[in-house]
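Biologist: I'd like a close look at just one part of this model. Could you pick a spot and walk me through what surrounds it?

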Amino acid sequence: MSAFDKYLHAVIMRAMDEAQNDGSATIDAHHLLSSLAADQGSTAQQVLASVGLDRAAVREALDREFEHSLSMVGVSPAAYDLPGPSRASQEPKMGASARLALERSFSSARKKDLRSAHLLLGILQAQIGTVPRALALAGVDQAGLADRVRQTLNSQDQ
């Protein structure tokens, strides 16, 4: 198993824990994003932190996106005493958004060249879904952040 394979396994295991804590049956791209934001010292974590997205800020953005989505169908979390999610009892499976993010990551470089920033770029390339909505609500320029990731990758290649 390569160093990147071990790293990817650790990222997915943290994402799985995020999904279970959300009560989700699937690991989705936003769980991967939270996992990367929690990975102290990685390039992906440093790029996220450079725009104010540490683990807590990512969680806050995701919570804001959830509240916004509820409000779009007329449900105000402030008006109701909604229960928190129950921890999922079964191990979450890889969801479609996470699979797509990983596929985009893997297609951006040769396997031996993959790094944490490639995973982040794969997540940021999504044009629809929870991550783009959460980043927009947090005031993060997703395209600008993706460009920053690309610049970081290019500078590491030299």
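Modeller: Let's start at Leu119. Skip the residues within four places of it in sequence, and Leu119 is in contact with Phe4, Tyr7, Leu8, Val11, Leu36, Leu102 and Ser105. Keep in mind that this is a predicted model.

Now zoom out a little to the largest nonpolar core, which has 40 residues. Leu119 is one of those that touch the most other members, along with Leu32, Leu36, Leu48, Leu120 and Val149. Plenty of helices chip in: α1 (3-22), α2, α3 (43-50), α4 (55-72), α5 (96-107), α6, α7 (130-137) and α8 (142-157) each give two or more residues to this core. The top contributor is α1, with eight residues. As a rule of thumb, nonpolar side chains in soluble globular proteins tend to be buried together.

Next, look at where helix α6 (residues 116-124) meets helix α2 (residues 29-37): their axes come within 10 Å and cross at roughly 145°. That crossing is left-handed. On the α6 side you'll find Ser116, Leu119, Leu120 and Ile123, and they meet Ala29, Leu32, Leu33 and Leu36 from α2. Sort this contact by class and you get seven nonpolar residues, one polar and no charged ones.

Finally, how does α2 sit in the whole thing? Nine of its nine residues are buried, so α2 is largely enclosed by the rest of the structure. Among the buried ones are His30, His31, Ser34 and Ser35, as well as Leu32 and Leu36.

Notes: Residues numbered from 1 in each chain as written. Predicted model: local features only at pLDDT ≥ 70, side-chain atom pairs only at ≥ 80, totals over all residues. Heavy atoms only, no water. Axes fitted to C-alpha atoms, helices over the stretch in contact; angles between N-to-C directions. Helix = DSSP H or I, 4+ residues; strand = E, 2+ residues; numbered from the N terminus. Left-handed = near helix turned anticlockwise from the far one by under 90°. Contact = heavy atoms within 4.5 Å. Nonpolar A, V, L, I, M, F, W, Y, C, P; charged D, E, K, R; others polar. Buried < 20%, exposed > 50% of the residue type's maximum accessible area, 1.4 Å probe, protein only. Core = buried A, V, L, I, M, F, W, Y, C linked by side-chain atoms within 4.5 Å.
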